[in-house]
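Me: I have a model open on my screen and would like to understand the labels people put on it. Could you walk me through the reasoning behind them?

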Amino acid sequence: MTDQALLRIIAASPSKPGDLIVEDRDGQQRLFIGSTGTLSRGVLNGDFLAALLRSDRWEPSQDPTWYSLEDLRRRFAPEALETTRSAAQRIVAALGGRNR
């Protein structure tokens with residue numbers, strides 16, 4: 001898959017902002033890991049995908065937009081997500097970082 005390939009978001013992880021399940025124009029689903037800006041190498045097995053979507057760890061997306069991989073990286077990079085966090089989330093993240 002190239003950076004020019006177009007992907008649409010079919011689900012997002014509420015517990016790991018930036019982690020997405022995406023689908024290409026051929027209908028193949030992959031994981032997009034926001035913290036690294038990478039796609040999973042292999043496609044997701046249909047049964048595995050169905051189980052993920054039934055869990056409370058993924059929220060289905062109704063976004064019809066097609067994104068390039070670079071668009072996803074810009075939109076869901078840790079720096080981009082930091083600006084959308086609430087003040088409370090930033091404080092918790094900062095305190096957690098100090099205790100490590």
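Reply: Happy to; we will take the labels one at a time, and please keep in mind that this is a predicted model.

Me: Let's begin with strand β2. What makes it largely enclosed by the rest of the structure?

Reply: Buried means under 20% relative accessible area. In β2, residues 20-24, 5 of the 5 residues are buried, so the strand is largely enclosed by the rest of the structure. Both faces are covered: Leu20, Val22 and Asp24 are buried on one side, and Ile21 and Glu23 are buried on the other.

Me: Which strands pair with β2, and in what sense?

Reply: Strand β1 (residues 6-12) pairs with β2 in the antiparallel sense over 5 bridges. Strand β3 (residues 29-33) also pairs with β2 in the antiparallel sense, over 4 bridges. Pairing needs at least two bridges, so both of these pairs qualify. To find your way on screen, look for Ala12 opposite Leu20 and for Val22 opposite Arg30. In the hairpin of β2 and β3, 4 residues lie between the strands, and Gly27 takes a positive phi near 85°.

Me: Glu23 is a charged residue. Why is it called buried?

Reply: The relative accessibility of Glu23 is 13%, and the cut-off for buried is under 20%, so Glu23 counts as buried.

Me: And what makes Glu23 and Arg8 a salt bridge?

Reply: The closest N and O atoms of Glu23 and Arg8 are 2.7 Å apart. The limit is 4 Å between a side-chain nitrogen of Lys or Arg and a carboxyl oxygen of Asp or Glu, so the pair qualifies. Glu23 lies in β2 and Arg8 in β1, so the salt bridge ties together parts that are 15 residues apart in sequence. Arg8 has a relative accessible area of 26% and is partly exposed.

Me: Which other salt bridge links distant parts of the chain?

Reply: Try Asp63 and Arg75, whose side chains meet at 3.7 Å, N to O. With the limit at 4 Å, that distance qualifies too. Asp63 sits in the loop between β5 and β6, while Arg75 is in helix α2, 12 residues apart. Asp63 is buried, with a relative accessible area of 18%, whereas Arg75 is partly exposed at 41%.

Me: How do you know that Arg74 is exposed but Asp71 is partly exposed?

Reply: Exposed means over 50%, and partly exposed covers the range between that and the buried cut-off of 20%. Arg74 has 53% relative accessibility, so it counts as exposed, and Asp71 has 28%, so it counts as partly exposed. The two side chains meet in a salt bridge of 2.5 Å, N to O. Both residues lie in helix α2, 3 residues apart, about one turn of the helix. They also belong to a network of salt bridges that links Glu70, Asp71, Arg73 and Arg74.

Me: What makes you say that the buried residues of α2 line one face of the helix?

Reply: In α2, residues 69-76, Leu69, Leu72 and Phe76 are buried. Seen down the helix axis, the buried residues fall within an arc of 60°, so they line one face of the helix.

Me: Which residues make up the largest nonpolar core?

Reply: There are 10 residues in all: Leu7, Ile9, Leu20, Val22, Phe32, Leu39, Tyr67, Leu69, Leu72 and Phe76. β1, β2 and α2 are the elements that give two or more residues to this core, and the largest share, 3 residues, comes from α2. A second, separate core has 7 residues, including Ile21, Leu49, Leu52 and Trp58.

Me: One last pair, then. Why is Ser13 called buried when Thr38 is called partly exposed?

Reply: Ser13 has a relative accessible area of 8%, which is under the 20% cut-off, so Ser13 is buried. Thr38 has 34%, which falls between 20% and 50%, so Thr38 is partly exposed. Ser13 is in the loop between β1 and β2, and Thr38 is in strand β4. Not counting residues up to four places away in sequence, Ser13 touches Asp19, Arg57 and Trp58.

Methods
Residues numbered from 1 in each chain as written. Predicted model: local features only at pLDDT ≥ 70, side-chain atom pairs only at ≥ 80, totals over all residues. Heavy atoms only, no water. Buried < 20%, exposed > 50% of the residue type's maximum accessible area, 1.4 Å probe, protein only. Arc of directions from axis to C-beta. Core = buried A, V, L, I, M, F, W, Y, C linked by side-chain atoms within 4.5 Å. Contact = heavy atoms within 4.5 Å.
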